[in-house]
Amino acid sequence: MSHDHDHLQDDDLEIPAPGLQRPRRLRRSGPMRDIAAETRLHPDMFCQPHFVIPGTDERQDIGAMPGIVRETPDKLLHTVEADLKLGIKHCLLFGLPSDKSPTGEGAMDPDGPVPTAISMLKENFGNDLLVSADICLCAYTDHGHCGVIEDEEVLNDDTLPLLAGMASACALAGADIVAPSDMMDGRVGAIRVALDLQGLEDVAIMSYSAKYASAYYGPFREAADSAPSFGDRRSYQMDPRNALEALREVELDVEEGADIVMVKPALAYLDVIRMVRDSVDLPVACYNVSGEYSMVKAAAKAGLIDEARLTVENLYAFARAGSDILITYHGREVLKEGWL
Ligand code: PBG
Ligand code: ZN
């Protein structure tokens, strides 16, 4: 079949047919695309974050994160039960204490919201549920930084025992995994030693190894009430310009005893996820953070994008980049709505 053009005759130019290889053959139908798919998503990969407040029978909406709530441990129990029915068996807990202090010792309180929630969840769901606890002081300090402060500086080594204490409180309450997100040097080692000394050698560490100083955490800081009261986190979290540094962080965490390493945020750091995946033989997690979630929600609300498709496209990108564990606020909705 030839088309006539004023300036182009059949004789002038012979356009070659594609030949034997036609990649479009594998895109012709849904089932064809499915058998050719290189990446798959499974509920086993999802980890659902939760914000836990003290008390009972209370649930609060979070303005910056539509669909995500803060809730008391008894309410959380019902949320997690519903998530389990959807196939989400891994959760990550953040706490909002009733009292904040300069050194955040509320983080070590065995009766705090997170240890309380951990023991309730493990009592009810046992090993059907995997409970991870975020380990960081920023929601517990009155200045909102992730460590101890002196002259507006975050002290690394003075913070380590507090992180180890917080991890111990969570592990003693029954956490399966502790997940340090503070970015102090040596925290994985400090936590590992503290846990082992207490006979908690079976508790795993999922380290936020490559955690960047990111503007994408904005909505979370409202959710967890953890915004720094002065300055920012750039003296301890990673510089977004760096990727090789992520490999150094990962290497140190592995040496110190990390069982799972994480890249955070996820969407703007897919290159880092890939580099980390290619450099370690441990499971790699990524954290699809609050700002990434809320941007999708806002764009959907504004009618700019197809939320179901965009959400799943993002999740596939994390898996394609090499992430085994997807910490995402979207998990519950994706499974409930059948978006996969
Ligand atoms: C605490 C912590 C933060 C997040 C996870 N753990 C915030 C921060 O570092 O300021 C961000 C999670 C999110 O944005 O969803 N250190
Ligand atoms: Zn923090």
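**Reading charges and cysteines**

Guide: Let's start with one residue: Asp157 sits in helix α4, which spans residues 156-173. Keep in mind as we go that this is a predicted model.

Visitor: Is Asp157 buried or exposed?

Guide: Asp157 counts as exposed because its relative accessibility is 55%, and the cut-off for that class is over 50%.

Visitor: Which residues gather with Asp157 in a patch of negative charge?

Guide: The surface patch brings Asp157 together with Glu150, Asp151, Glu152, Glu153, Asp158 and Asp185.

Visitor: And which residues form a positive surface patch?

Guide: Look at Arg22, Arg24, Arg25 and Arg27, which make up a positive patch on the surface. Of these, Arg25 is in the segment before α1 (30-36). Its relative accessible area is 42%, so Arg25 is classed as partly exposed.

Visitor: Now to pairs. How should I think about salt bridges, and how many does a search of the whole structure find?

Guide: The general idea is that side chains of opposite charge can pair when their charged atoms come close. Here, searching the whole structure gives 16 salt bridges.

Visitor: Where do Arg192 and Asp196 lie?

Guide: Both are in helix α5 (residues 187-197), four residues apart, or about one turn of the helix. Their side chains meet in a salt bridge with an N to O distance of 3.0 Å. Arg192 is buried, at a relative accessible area of 12%, while Asp196 is partly exposed at 35%.

Visitor: What does Glu307 pair with?

Guide: Glu307 makes a salt bridge with Lys297, and their closest N and O atoms are 2.5 Å apart. This pair links distant parts of the chain, with Glu307 in helix α10 (residues 307-321) and Lys297 in helix α9 (residues 290-301), 10 residues apart. Both partners are buried.

For another setting, try Arg241 and Asp239, whose salt bridge has an N to O distance of 2.8 Å. Arg241 is exposed at 72% relative accessibility, and Asp239 is partly exposed at 27%.

Visitor: Which residues are linked in a network of salt bridges?

Guide: Asp182, Arg187 and Asp253 are joined in such a network.

Visitor: Last, the cysteines. How many disulfides does the count come to?

Guide: The test is whether two cysteine sulfur atoms lie within 2.5 Å, and by that rule the count is zero. Take Cys170: the closest cysteine sulfur, in Cys91, is 12 Å from its own, so the two are too far for a bond. Cys170 is buried, with a relative accessible area of 1%. Cys138, at 10% relative accessibility, also counts as buried.

Notes
Residues numbered from 1 in each chain as written. Chains lettered and ligands numbered in written order. Predicted model: local features only at pLDDT ≥ 70, side-chain atom pairs only at ≥ 80, totals over all residues. Heavy atoms only, no water. Patch = residues over 30% accessible without salt bridge, like charges linked within 9 Å, V, L, I, M, F, W, Y side chains within 5 Å. Areas by Shrake-Rupley, 256 points an atom, 1.4 Å probe, with all protein chains shown as cover. Salt bridge = Lys/Arg side-chain N within 4 Å of Asp/Glu carboxyl O. Lys, Arg positive; Asp, Glu negative; His and termini not counted. Charge placed at Lys NZ, Arg CZ, Asp CG, Glu CD. Helix = DSSP H or I, 4+ residues; strand = E, 2+ residues; numbered from the N terminus. Buried < 20%, exposed > 50% of the residue type's maximum accessible area, 1.4 Å probe, protein only.
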